[in-house]
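Me: I should like to look closely at a single part of this structure. Please take one helix and describe, in connected prose, what its residues do and how they are placed.

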Amino acid sequence: MQMTPLDIRNKQFNKGIRGYQCGEVEKFLDTVSQEFESAYTENFELREKVKALESEISHFRQIENTLQQTLVLAQQTAEEVKQAARHEAELLLKEAEQNKLAKVSEAQEKWEEIQGEIQELSRKRDLIRSQLKSFLLSHLDLETMQERNEGIA
């Protein structure tokens, strides 16, 4: 059983013939009781304070755990975002490369088409020149024959 300051104050001693002087015992018990009461009160207050501090520590540990979990989650999310950005950049580069190749191929086809058209136009020009030359030569021959025929007649 735990002793309280009130137990000390209320303690009664049996009186004998040659026992202690009651006044001194009571004075000593009062002093002990007051000291014990101070210590008991301080002990109680300190225990309450320890409980409050332990509760506060527990609360801060929970906050710390939550912050650590949040930090880990944020790091994972950042890594996922980076990886997604890299993947998207790779896709954009591939798409740009494909577009470039398509445009180069298209330009090559257009260039070949234009070269074909140039060759076709050169052939037509040569044909027209030949036809024109033949036409002019035949007209010149016809003119020459007409002049001879007019000179003879």
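Reply: Leucine 67 belongs to helix 2, which covers residues 22–152. The model is a predicted one, and every value below is computed from it. Leucine 67 counts as exposed because its relative accessible area is 56%, and the cut-off for that class is over 50%. Together with Phe60 and Ile63, Leu67 makes a nonpolar surface patch of about 290 Å².

Charged side chains come next. The whole structure was searched for salt bridges, and four were found. One of them joins lysine 51 to glutamate 48, with a distance of 4.0 Å from N to O. Both lysine 51 and glutamate 48 lie in helix 2, and three residues separate their positions, which is about one turn of the helix. How exposed is each partner, lysine 51 and glutamate 48? Lysine 51 has a relative accessible area of 52%, so it is classed as exposed. Glutamate 48, at 37%, is partly exposed, because the values from 20% to 50% fall between the buried and the exposed classes.

A salt bridge is also found between lysine 100 and glutamate 97, where the closest N and O atoms are 3.3 Å apart. Lysine 100 and glutamate 97 are again both in helix 2, three residues apart, or about one turn of the helix. Lysine 100 is partly exposed, since its relative accessible area is 45%. Glutamate 97 is partly exposed as well, with a value of 38%.

A further salt bridge links aspartate 126 with arginine 125, and here the closest N and O atoms lie 3.4 Å from each other. With a relative accessible area of 36%, aspartate 126 is partly exposed. Arginine 125 is partly exposed too, at 44%.

Helix 2 also takes part in a pocket. The largest pocket holds about 340 Å³ of space. Its lining is made of 15 residues, and those nearest the centre of the pocket are Phe13, Lys15, Cys22, Val25 and Glu26. Two elements, helix 1 (5–9) and helix 2, each give two or more residues to this lining. Which element gives the largest share of the lining of the largest pocket? That element is helix 2, with five residues. Sorted by class, the lining of the largest pocket contains six nonpolar, four polar and five charged residues.

Glutamine 146 offers a last point of view on the helix. Glutamine 146 is a residue of helix 2, and it is partly exposed, because its relative accessible area is 41%. How far apart in space are glutamine 146 and alanine 74, C-alpha to C-alpha? The distance between them is 104 Å, and in sequence they are 72 residues apart.

To draw these points together: helix 2 carries leucine 67, which shares a nonpolar surface patch with Phe60 and Ile63. The salt-bridged pair of lysine 51 and glutamate 48 lies in this helix, as does the pair of lysine 100 and glutamate 97. Helix 2 also supplies five residues to the lining of the largest pocket.

How values were computed. Residues are numbered from 1 along each chain as its sequence is written. This is a predicted model: local features need pLDDT of at least 70, side-chain atom pairs count only at pLDDT 80 or more; totals for chains, interfaces and linings use all residues. Side-chain values use heavy atoms; hydrogens and water are left out. Patches are made of residues with over 30% relative accessible area and no salt bridge: like charges are joined within 9 Å, nonpolar side chains (Val, Leu, Ile, Met, Phe, Trp, Tyr) within 5 Å. Accessible areas come from the Shrake-Rupley method with a 1.4 Å probe; for residues, only the protein chains shown count as cover. Helices (H or I, at least four residues) and strands (E, at least two) are DSSP runs, numbered from the N terminus. Buried means under 20% relative accessible area, exposed over 50%, partly exposed in between (1.4 Å probe, protein chains only). On a 1 Å grid over the protein atoms alone, a cavity is a set of points where a 1.4 Å probe fits but cannot get out, and a pocket is an open set with protein on both sides within 12 Å along at least five of seven lines; lining residues have an atom within 4 Å of a point. Grid points are joined across faces, edges and corners, and a volume is the space filled by probe spheres set on the points. Ala, Val, Leu, Ile, Met, Phe, Trp, Tyr, Cys and Pro count as nonpolar, Asp, Glu, Lys and Arg as charged, and the others, Gly among them, as polar.
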